[in-house]
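The following exercises are to be worked with the sequence and the coordinates at hand. Each task is followed by a solution in steps.

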Amino acid sequence: MEKIKVNVAWCDKNFGATLGDNVPGAVALTAKTYDELQREVPETLRFHIDGMLADGDSVPQWLADGDYEFEYNLMDVATMLRAYEPFISLATLSRASGINPQLLSHYANGSKKPRPQQRQRIVDGIHKIGRQLLAVV
């Protein structure tokens with residue numbers, strides 16, 4: 001099974017995505033929410049493949065047969081924070097990561113970029129919240 005990388009970025013109040021280099025042609029899409037984007041990716045790719053086939057373009061067999069899966073790549077911290085916003089508030093993430101909520105807000109809006117150590121603290125905070133949720137019995 002082939003993996004198709006979906007590069008996702010937060011683009012001024014929308015999520016934007018492009019499909020990886022193993023998909024011929026250019027495929028880009030936008031959506032208001034991360035869930036909506038994940039629902040639209042397969043539909044958009046199918047539309048792209050159908051168009052290529054109708055035009056007589058060469059399409060790899062694995063792609064025409066649907067023998068692939070998507071691998072989502074959140075391109076930066078703003079995208080990551082926006083993608084998980086429905087599940088983790090910035091206040092909750094602030095408590096778990098020890099990062100000031102106003103600074104997290106700047107990261108989420110893309111007005112500031114975190115250093116690698118700050119990014120790791122954010123990821124660790126998300127993982128900490130996840131472990132606590134998994135511990136519920």
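**Exercise 1. Locate helix α3 against the sheet, and then describe the sheet itself.**

Solution. The model is a predicted one.

Step 1. Helix α3, residues 77-84, lies across β1 (2-10), β2 and β4. The helix runs at about 95 degrees to β1.

Step 2. The strands form an open sheet of four, in the order β3-β2-β1-β4, and the pairing is mixed. At the edges are β3 (28-31) and β4 (68-74), each of which pairs on one side only. From one strand to the next, the twist averages 25 degrees.

Step 3. Strand β2, residues 15-19, is joined to β3 by four bridges, and the two run antiparallel. Within this pairing, A17 has L29 of β3 as its bridge partner.

**Exercise 2. State how many helices and strands the chain has, and give their succession.**

Solution.

Step 1. There are six helices and four strands in the chain.

Step 2. Read from the N terminus, the elements follow the pattern β-β-β-α-α-β-α-α-α-α.

Step 3. For the overall dimensions, the C-alpha trace spans about 55 × 40 × 25 Å along its principal axes. Of the contacts with a separation of 6 or more, 49% are between residues 24 or more positions apart.

**Exercise 3. Determine which residues touch the most other members of the largest nonpolar core, and which helix gives the most to it.**

Solution.

Step 1. Buried residues make up 35% of the 137 residues in the chain.

Step 2. The largest nonpolar core holds 38 residues, and those touching the most other members are L37, L63 and I122. Helix α1 (residues 34-54) gives the most to this core, contributing six residues.

Step 3. Take L63 as an example. Leaving aside residues up to four places away in sequence, L63 touches I4, V23, P24, L45, R46, I49 and Y68.

**Exercise 4. Decide whether W62 is buried or exposed, and list what W62 touches.**

Solution.

Step 1. W62 is found in helix α2, residues 61-64.

Step 2. The cut-off for a buried residue is under 20% relative accessible area. W62 has a value of 19% and therefore counts as buried.

Step 3. Beyond residues up to four places away in sequence, W62 touches E2, I4, N22, D67 and Y68. One of these contacts, E2, is 60 residues from W62 along the chain, yet their C-alpha atoms are separated by 7.2 Å.

**Exercise 5. Explain why the buried residues of helix α5 are on the same side of the helix, and examine both ends of α5.**

Solution.

Step 1. In α5 (residues 101-109), the buried residues are L104, Y107 and A108.

Step 2. These residues cover an arc of only 100 degrees around the axis, so they are on the same side of α5. The general rule is that an α-helix has 3.6 residues a turn, so residues three or four places apart point the same way.

Step 3. The cover over the buried residues of α5 includes β1, α3, α4 (90-97) and α6 (116-134).

Step 4. At the start of α5, a side-chain oxygen of N100 comes to within 2.6 Å of the backbone nitrogen of Q102. Just after α5, G110 has a positive phi of about 80 degrees.

**Exercise 6. Place R82 and identify the backbone oxygen that its side chain reaches.**

Solution.

Step 1. R82 belongs to helix α3.

Step 2. With a relative accessible area of 17%, R82 is buried.

Step 3. The side chain of R82 reaches the backbone oxygen of A108 at 3.1 Å. A108 is itself among the buried residues of α5.

Step 4. Not counting residues up to four places away in sequence, R82 touches W10, F15, A108 and N109.

**Exercise 7. Characterise D12 and K13 by phi and by accessibility.**

Solution.

Step 1. D12 lies in the loop between β1 and β2, and K13 lies in the loop between β1 and β2 as well.

Step 2. Although D12 is not a glycine, its phi is positive, at about 50 degrees. K13, a residue other than glycine, likewise has a positive phi, near 80 degrees.

Step 3. Exposed means over 50% relative accessible area. D12, at 64% relative accessibility, counts as exposed, and K13 is exposed with a relative accessible area of 61%.

Methods. Residues are numbered from 1 along each chain as its sequence is written. This is a predicted model: local features need pLDDT of at least 70, side-chain atom pairs count only at pLDDT 80 or more; totals for chains, interfaces and linings use all residues. Side-chain values use heavy atoms; hydrogens and water are left out. Two strands pair if DSSP finds at least two bridges between them. Axes are lines fitted to C-alpha atoms, for helices over the stretch in contact, and angles run from 0 to 180 degrees between N-to-C directions. Contact means heavy atoms within 4.5 Å. A nonpolar core is a set of buried Ala, Val, Leu, Ile, Met, Phe, Trp, Tyr and Cys residues joined through side-chain atoms within 4.5 Å. Buried means under 20% relative accessible area, exposed over 50%, partly exposed in between (1.4 Å probe, protein chains only). The arc is that of the directions from the helix axis to the C-beta atoms. A polar contact is a pair of N or O atoms within 3.5 Å; within protein, one must be able to donate a hydrogen and the other to accept it, and residues adjacent in sequence count only if both atoms are side-chain atoms.
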